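Biologist: Could you take me through one part of this model at close range? I would like to hear about a helix and the aromatic ring it carries, and then how the surroundings compare.

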Amino acid sequence: MPHLFWRLLSTAILSATFTSCAESRTAQHTGGEKKRQPNRIADPDLENVYQVHPKVLSGGEPHGERGFAALERLGVKTVISVDGAKPDLDSAKRHGMRYVHLPHSYDGVPETRAKELAKAVRDLQGPVYIHCHHGKHRSPAAAAVACVGAGLIGAGDALAVLTAAGTSKNYRGLYKSAEQARRLDDALLDALDVEFRPAVEVPPLADAMVALERTHDYVRRIAAAGWRPVPEHPDLDPAHEALLLREHYTELLRTDELKRRPAEFQKQMRNGEQAAKSLEDTLASLKEQRYPTAKLNLHTMADGALTAINKNCAACHQKFRDVPLGEK
């Protein structure tokens with residue numbers, strides 16, 4: 001019964017969206033000022049989903065059976081990941097969906113990738129669901145660039161996609177990609193030779209950073225739950241996740257690729273390792289502590305360690321990751 005409810009609700013939303021998009025197109029063609037606005041699609045099993053065009057949705061990564069069942073309720077036939085993590089091909093296959101892996105970073109959508117994304121949303125079976133990790137930054141930018149390039153939305157509507165999804169202004173490269181997106185000639189897309197692969201290899205350092213980011217995300221969720229396991233992941237032990245986070249930094253510092261990076265970048269990684277070690281030690285003590293007053297003090301220490309990790313990540317991202325492609 002719950003699945004039937006969500007299927008009917010999704011169908012109603014998609015129908016209303018199609019009507020709204022059609023009205024928007026009419027207004028634009030008749031010289032009206034009405035702009036296309038992405039439509040929010042609420043689903044308990046998907047994060048931050050917006051319909052950019054009747055054929056294209058943007059959102060967070062679908063997780064397991066429930067996530068892909070939600071996409072199936074929305075009628076999705078093709079899933080495009082712009083995230084660096086390996087796509088869940090088995091779940092997609094069970095739900096009759098094709099997976100395409102076209103990752104890009106937070107510094108913007110490269111020109112070649114923009115063309116590939118435009119060809120994908122134009123030619124592959126829809127509806128098409130474009131996702132990153134949380135659906136807030138990279139996937140809205142990718143969806144906007146792809147839809148403008150394929151002629152599905154106007155260039156003036158691209159920034160509205162990022163605004164609706166809550167894309168941080170810190171990601172200047174993503175905003176610049178949306179601002180500079182233009183309609184691509186159909187002949188160019190026709191001639192573009194693209195092998196849409198279900199999964200591609202990402203550089204080792206990028207792969208390691210994806211793993212670090214995901215563990216960091218788990219730790220932040222645990223912190224929000226008062227340094228206890230979170231309901232959606234009861235198997236995650238706070239102390240163990242802190243240990244894994246510290247190990248990600250330690251292993252990164254051992255790689256030859258990181259040793260070739262600028263000294264300031266290496267320093268940021270060492271700072272991250274130190275803060276993560278402090279969190280690891282604090283949560284290990286908290287796990288063994290039995291006295292409530294001591295627990296409160298350890299909670300404060302854990303909060304402080306996580307704050308240091310968060311600030312270090314933000315500073316590193318601003319300096320090395322989020323700089324627009326044209327400024328590198």
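Modeller: Happy to; here is a close look at helix H2, followed by a few other places in the chain. Please keep in mind that this is a predicted model.

Let us begin with the setting. The chain has 13 helices and six strands, and 48% of its 328 residues are buried. If you take the contacts between residues at least 6 apart in sequence, 67% of them join residues at least 24 apart. The chain exposes about 16300 Å², with carbon and sulfur atoms supplying 53% of that area.

Now to the part you asked about. Helix H2 covers residues 64–73, and its buried residues are Gly-67, Phe-68, Ala-69, Ala-70, Leu-71 and Arg-73. After the helix comes Gly-75, which has a positive phi, near 80°.

Phe-68 deserves a longer stop. The structure holds three aromatic pairs. In the pair of Phe-68 with Tyr-99, the ring centres are 6.2 Å apart and the planes stand at 65°; planes over 60 degrees apart count as edge-to-face, so this pair is edge-to-face. Phe-68 belongs to helix H2, while Tyr-99 belongs to strand E5 (residues 98–101), so the pair ties together parts that are 31 residues apart in sequence. Both partners, Phe-68 and Tyr-99, are buried.

Another ring has a charged neighbour: Arg-261 lies over the face of Phe-265, at 6.0 Å from the ring centre.

For a charged residue inside a helix, turn to Asp-217 in helix H9 (residues 204–224). What is its relative accessible area? The value for Asp-217 is 8%, and buried means under 20%, so Asp-217 is buried. Leaving aside residues up to four places away in sequence, Asp-217 touches His-133 and His-134.

Finally, here is a pair of helices to set beside H2. Two packed helices are described by the angle between their axes and the distance between the axes. Helix H6 (residues 158–165) packs with helix H7 (residues 172–180) at an angle of about 145°, and their axes are 7 Å apart. On the H6 side, Ala-158, Leu-159, Leu-162 and Thr-163 take part, and they meet Leu-174, Tyr-175, Ala-178 and Glu-179 of H7. The residues of this contact divide into six nonpolar, one polar and one charged.

To return to your helix, the thing to look at in the viewer is Phe-68 of H2 with its edge-to-face partner Tyr-99, which lies in strand E5.

How values were computed
Residues are numbered from 1 along each chain as its sequence is written. This is a predicted model: local features need pLDDT of at least 70, side-chain atom pairs count only at pLDDT 80 or more; totals for chains, interfaces and linings use all residues. Side-chain values use heavy atoms; hydrogens and water are left out. Helices (H or I, at least four residues) and strands (E, at least two) are DSSP runs, numbered from the N terminus. Buried means under 20% relative accessible area, exposed over 50%, partly exposed in between (1.4 Å probe, protein chains only). Contact means heavy atoms within 4.5 Å. Accessible areas come from the Shrake-Rupley method with a 1.4 Å probe; for residues, only the protein chains shown count as cover. Axes are lines fitted to C-alpha atoms, for helices over the stretch in contact, and angles run from 0 to 180 degrees between N-to-C directions. Ala, Val, Leu, Ile, Met, Phe, Trp, Tyr, Cys and Pro count as nonpolar, Asp, Glu, Lys and Arg as charged, and the others, Gly among them, as polar. Rings of Phe, Tyr and Trp (its six-membered ring) pair if their centres lie within 6.5 Å; planes under 30 degrees apart count as stacked, over 60 as edge-to-face and the rest as tilted. A charge sits over a ring if NZ of Lys or CZ of Arg is within 6 Å of the ring centre and within 35 degrees of the ring normal.
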